[in-house]
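Q: Could you take me on a close look at one part of this model, the strands towards the end of the numbering, and then link that part to a few other spots? I would like the pairing, the packing and the buried residues in one connected answer.

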Amino acid sequence: MTALTEDRTPTFIQHAAESVRAHLATSRPLSSFLEGAGTLTLEERSLLVDQALVLLDQNYVHLPLKTAMHAVNPVQRLRVLRRRLERQTQQTMPPEWLFHAEMSEVFHSVRDLHTNYLLPEPFTGRIAFLPFLVEAYTDALGPHFMVTHVAEGFSAPGFTPGAEITHWSGIPISAAVDLNAARFAGSNAPARRSRGIQSLTVRPLRIHLPPFEEWVTVSYTDESGTQHELRENWRIVENLPPMVDADAISTAALAQGLDLDADETGRAKVLLFAPRVVAQEQAVHADGPAPELRKGEIATSLPKVFKAQQVETASGRFGHIRVFTFNVDDPVPFLREFVRLIGQLPQNGLIVDVRDNGGGHVHAAEFALQVLTPRRIAPEPVQFINTPLNLRICRRHQDSSGIDLGAWVPSLEQAVETGAAFSGAFPLTPEDGANAVGQQYFGPVVLITNARCYSATDIFAAGFQDHRIGPVLGTDENTGAGGANVWTHKLLTDLLEGDRATPYVPLPKGAGMRVSIRRTLRVGALSGTPVEDLGVVPDELHRMTRRDLLEDNADLFDRAGLLLKDREPHTVSVTDAVSVNGSLKLRVKAANVDRVDVYVDQRPYASADLVDGRADVTVPVAAASRAARIDGFEAGRLVASKTERLP
């Protein structure tokens, strides 16, 4: 580091921290914030209900599943609400928060975090928060709820990471979590409970109604065992901006697989509890000095997306890469940075950690799989529900550059005669892109999931399991079980722009809606099984411990290390390549491989057994060949694959 950098670094970090503090200082008490809310007219409320009916009745791909699995009828509930609005006047209509509550309840009833009613101004873009974070761990006595982060500048006696919550506004904390969980969508019990904990202290107002209570009373025990009580007001502040515009017609918007609640909450946690990440992000954009890295950590150009580090476990040192989100505009830079980071980590074993990742760009999620396996990736296929409106959208864009929905048109047209519930199933992610760079990490890999993994992350976890990349280690019994591509009402409106018969009408005052438009199906041994509501069941289960929460996942990483330690890396490479009399002579080196098959420019040319991990292979082709792919096998099983550029 130069002297100039040494001088600038503390100043730059201090400036970033001060900007976060200044932003949080603009927060307002809940009571004063709500004074400016509530400006929807009766006509605007009716319009919102009508548009919700269009989305749920004509676009919502999971409607039959949700109606059967959860015994709900959201379409009928909206029709009843619409009829009630017809009998109201501007003077007799109930308070606006009751309207929002009913609309939110209709959408929450399907337990689908892709399908949302998004509140209008002044709620959009803001979060309600308490200045601390609560997480759960389990021991022989059952679940415990502990403070794990406290916002800078907040203090109370004994209220530090490690303090255990006993009651929440007079309710035993476990019961309070269950009551909270019942209010929020989640496809399975672990997902609902996990979100019940998360929403104790952070609530994105784009998704959720403001808290009914202006303050909470928290009873807690500090680390010495002394009991305390704390009263804290809810406050409202503008969140950090989203990373992707999901309303604009773009590849990123059309390929969205995102839990908006998790995405908003993740950005809120960065704002409240991780000013260092904000400083890293500002350093990247300003081309300034990065904050000092922790021991074993690797600098990244995408600090809100990745954290890469070496971790010491009871079984040895391994690589660990945390993928916080797949919500990026472009999957190619995402993939490039993913490859770069894992290339700098130990090559004897890798922990890929996607806990709390709400998804994002489906292409980014499925592009990343190829890096970890020698097998060719088969992206998950997706289906529309068969409706006249979905057929109209696909017909209009069957030849559109960058939007091409033509693959689904024939089956949607055929459904008029066959009565099929769904269209044909075709990959959302381009298969060539999902296999463009091939395997880059050759050590064993374990994937860590939890119940807040959702959408594109569900798809990533399903692909990891379906392609037998390695064991899945879950800290919950299931992932969030979100299996869909999600489009916004604004995106749907724009896709039919200029169509005089379009049913979509712009929504008032910044309100919004999202809907699961295409459902995803698994590949491999579970081919054809929907991801929605079923999720990805881990191969191994680890309950988070107190040590995990206080010592950077120490027990969790030890468990992951146990799964890695007895699995050997498998490597193949070309150490020399020369042209002799029109033939190509390759010298191949490998580890834990007994046979290699050689492809030149994607054509099979040779196969050889290895002696002492080496083999000389002569390929009778012209010297102008550009690339050789070496597939390595152990006992007849494909274990490694590497493509080498030829001189």
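A: Happy to: what follows goes through two sheets, then a helix pair, and then some buried residues. Please keep in mind throughout that this is a predicted model.

Let us begin with the smaller set of strands. Three strands make up an open sheet, running in the order β25-β26-β29, and their pairing is antiparallel. At the edges sit β25, covering 571–580, and β29, covering 614–619, each of which pairs on one side only. On average, neighbouring strands here are turned by 20° against each other, with direction ignored. Looking at one pairing in detail, β25 and β26 (residues 583–591) are joined in the antiparallel sense over nine bridges. Within that pairing, valine 580 stands opposite serine 583 in β26.

Next comes an open sheet of four strands, ordered β28-β27-β30-β31 and again with antiparallel pairing. Its edge strands are β28 (603–609) and β31 (637–645), and each of them pairs on one side only. The twist from one strand to the next averages 20°. Inside this sheet, β27 (residues 595–600) pairs with β30 (residues 627–634) in the antiparallel sense, over six bridges. A handy residue pair to display is tyrosine 599 and arginine 629, since the tyrosine stands opposite that arginine in β30. As background, strands of a sheet pair through backbone hydrogen bonds, either parallel or antiparallel.

Now for the helices. Helix α3 (residues 42–59) packs with helix α14 (residues 388–396) at an angle of about 85°, and their axes are 8 Å apart. Because angles of 65 to 115 degrees count as roughly perpendicular, α3 is roughly perpendicular to α14. From α3, the contact involves Val54, Gln58 and Asn59, while α14 supplies Pro388, Leu389, Asn390 and Ile393. Sorted by class, this contact of α3 with α14 has four nonpolar residues, three polar residues and no charged ones.

That leads to the buried residues, where the cut-off is under 20% relative accessible area. Cysteine 394 has 0% relative accessibility, so the residue counts as buried. Cysteine 453 also has a relative accessible area of 0% and is therefore buried. As for sulfur bonds, a search of the whole structure turns up zero disulfides.

Cysteine 453 also takes part in the surroundings of asparagine 357, as one of the residues that asparagine 357 touches. Asparagine 357 lies in the loop between β16 (350–353) and β17 (359–361). Its relative accessible area is 0%, so asparagine 357 is buried. Leaving out residues up to four places away in sequence, asparagine 357 touches Val323, Phe324, Thr325 and Phe326, along with Arg452, Cys453, Tyr454 and Thr457.

The last stop is valine 486, which is found in strand β22 (residues 484–488). With a relative accessible area of 3%, valine 486 is buried too. Valine 486 and glycine 360 are 126 residues apart along the chain, and their C-alpha atoms are separated by 9.7 Å. The contacts of valine 486, again not counting residues up to four places away in sequence, are His114, Ala253, Gln256, Gly257 and Leu258, together with Arg514, Val515, Ser516 and Ile517.

Note on methods. Residues numbered from 1 in each chain as written. Predicted model: local features only at pLDDT ≥ 70, side-chain atom pairs only at ≥ 80, totals over all residues. Heavy atoms only, no water. Pairing = 2+ DSSP bridges. Axes fitted to C-alpha atoms, helices over the stretch in contact; angles between N-to-C directions. Parallel < 35°, antiparallel > 145°, perpendicular 65-115°, else oblique. Contact = heavy atoms within 4.5 Å. Nonpolar A, V, L, I, M, F, W, Y, C, P; charged D, E, K, R; others polar. Disulfide = S-S within 2.5 Å. Buried < 20%, exposed > 50% of the residue type's maximum accessible area, 1.4 Å probe, protein only.
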